Amino acid sequence: MKAQEDFAPRWERSVQANYGAPLVTFVKAKGSIITDSSGKKYLDFLGGIATSALGHANPAIVEAVSNQISVLSHVSNFYMHPKVIELAEKLQELTGDSNARTFFCNSGAEANEAALKLSRRTGRIQIVATQGAFHGRTMGALSLTGQPAKRDPFLPLLPGIVHVPFGDLAAMRVSVTKKTAMVIIEPILGEAGVVMPPIGYLRGIRDICDRTGTLMVIDCVQTGMGRTGVWFGYESEGILPDVITLAKGLGGGLPLGAMIALGNAAKLFKPGDHGSTFGGNPVCCASALATIREIEDKNLLGHVSRYSKFLKTSLASCAGVKEVRGAGFLIGIVLKRKNAVELRDLLQARGILVNATIANVIRIAPPLNVTKSQITTFLKEFEIAAKGVNRGTTSRA
Ligand SMILES: *Cc1c(COP(=O)(O)O)cnc(C)c1O
């Protein structure tokens with residue numbers, strides 16, 4: 001097998017530098033185990049950033065995708081095919097709103113772009129988003145994103161968008177008026193370090209949106225598809241938004257995004273208003289349907305809720321851990337020191353993949369079907385690595 005070093009110079013000579021140097025070259029995977037080009041195996045506790053909902057090479061997905069691509073792979077949106085209808089019906093059922101209508105695209109940014117355009121159809125242009133939130137990197141989605149480091153090099157962005165502090169209902173109340181087209185909100189800030197809002201925050205925003213006739217858009221790109229132990233991250237607040245955006249886990253590892261409009265919001269788009277060549281592609285829809293079926297058949301929502309508690313309590317007692325936050329299998333491990341990168345590197349050397357979201361936060365987002373014994377292995381390794389970095393005895397790979 002090729003050594004990892006063979007790939008890095010070729011990547012540098014052929015791929016743009018927008019990501020910084022990638023960490024490892026992976027060649028294959030099965031379930032929650034992923035293998036690099038030297039044959040070393042890792043326990044994948046990042047899941048392609050909350051994307052590989054059922055891990056890798058899940059038999060149900062492999063079968064659904066193989067069947068679909070051998071029968072019908074693409075038709076364009078001039079035509080229908082059964083899988084896109086089946087998936088839209090399934091998403092409608094999961095939202096619990098028979099008026100829900102879905103627009104399909106290929107990514108989270110595109111799903112939020114679609115929501116942005118939908119909101120223009122209210123006749124209003126002002127938008128309220130939150131500081132720290134991540135909604136994607138295309139110009140519209142970036143205008144919604146509340147992270148100056150990602151925005152500043154690309155100013156000017158869309159006008160009419162204000163960012164209020166996340167979790168601050170009073171700020172929301174002041175900023176949202178009868179001129180506001182939409183409020184966009186992540187139920188839990190994912191990229192900003194798994195930050196939870198106070199209880200009642202989403203319910204409060206729902207009230208404000210109702211009073212002002214504003215669309216409430218919930219970006220469930222990271223917190224949807226069972227990631228938090230329920231289908232959509234807002235369910236814990238007992239509300240229904242006007243728009244839900246999905247991507248990441250939706251396609252079970254294939255690129256698929258969705259913008260689901262509920263109630264009257266579902267009537268805002270008219271023919272010709274929006275489109276996407278690949279949106280609702282049969283192969284990606286087949287993969288999403290297999291993913292949803294597997295989550296239901298194996299009761300993975302129950303599995304996630306149960307082991308989430310176990311993971312959180314166990315992690316909280318590890319060396320150097322200040323706080324453990326998040327819901328389901330989206331967990332932020334807040335460290336006492338700003339040594340998240342060091343800890344990530346040590347874990348990687350020991351065969352565990354996690355991500356250093358910010359300087360003092362490690363994020364884990366394992367596949368929803370990660371096994372109990374894999375969770376135990378992760379905890380054992382995390383404990384050793386956490387002791388290691390806090391003793392200052394890091395050995396780098
Ligand atoms: C990842 C993410 C996005 C962007 O998704 P892409 O598929 O990378 O465009 C948008 N919103 C949230 C909450 C995300 O986590």
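## Close-ups of a predicted model

**View A. A109 meets the ligand through its backbone: a backbone N or O atom of this residue sits 2.8 Å from an oxygen atom of the ligand.** Keep in mind that this is a predicted model throughout. G108 does much the job you'd expect to draw next, with one of its backbone N or O atoms 2.8 Å from a ligand oxygen atom. K248 comes in by its side chain instead, and a polar atom there lies 2.6 Å from an oxygen atom of the ligand. Around the ligand you'll also find S107, N112, F134, H135 and G136, among others. Further along the chain, the residues around the ligand include E186, D219, V221 and Q222.

**View B. Here α3 packs against α10.** Helix α3 covers residues 59-71 and helix α10 covers residues 282-297. Their axes are 8 Å apart, and the packing angle is about 155 degrees. With an angle over 145 degrees, the two helices therefore count as roughly antiparallel. The crossing itself is right-handed. On the α3 side, look for A60, I61, A64, V65, Q68 and I69. They face P282, V283, A286, S287, A290, T291 and E294 of α10. Sorted by class, this contact of α3 with α10 comes to nine nonpolar, three polar and one charged residues.

**View C. Now α10 again, this time with α4 as its partner.** The axes of α4 and α10 come within 9 Å and cross at roughly 40 degrees. So these two helices are oblique to each other. This crossing is left-handed. From α4, the contact takes in K83, V84, E86, L87, K90, L91, E93 and L94. From α10 come P282, C285, A286, A288, L289, I292, R293 and E296. The split for α4 with α10 is 10 nonpolar and six charged residues, with no polar ones.

**View D. Helices α11 and α13 lie side by side in this one, at an angle of about 15 degrees.** Residues 300-316 make up α11, residues 372-391 make up α13, and the axes are 11 Å apart. That angle is under 35 degrees, so α11 is roughly parallel to α13. The crossing of α11 past α13 is right-handed. Y307, F310, L311, S314 and L315 are what α11 brings to the contact. K372, I375, F378, L379 and F382 are what α13 puts opposite them. By class, the contact of α11 with α13 has eight nonpolar residues, plus one polar and one charged.

**View E. Zooming in on the backbone, a cis peptide bond links L155 to P156.** Omega is about 0 degrees for this bond. P156 belongs to the loop between α7 (148-151) and β6 (161-164). For context, most peptide bonds are trans.

**View F. Another backbone spot to check is S76, with a phi near 75 degrees.** That's a positive value in a residue other than glycine. Most residues other than glycine have a negative phi. S76 sits in the loop between α3 and α4, and α4 covers residues 82-95.

Technical notes. Residues numbered from 1 in each chain as written. Predicted model: local features only at pLDDT ≥ 70, side-chain atom pairs only at ≥ 80, totals over all residues. Heavy atoms only, no water. Axes fitted to C-alpha atoms, helices over the stretch in contact; angles between N-to-C directions. Helix = DSSP H or I, 4+ residues; strand = E, 2+ residues; numbered from the N terminus. Parallel < 35°, antiparallel > 145°, perpendicular 65-115°, else oblique. Left-handed = near helix turned anticlockwise from the far one by under 90°. Contact = heavy atoms within 4.5 Å. Nonpolar A, V, L, I, M, F, W, Y, C, P; charged D, E, K, R; others polar. Near = heavy atom within 4 Å. Polar contact = N/O pair within 3.5 Å; in protein donor to acceptor, adjacent residues only side chain to side chain.
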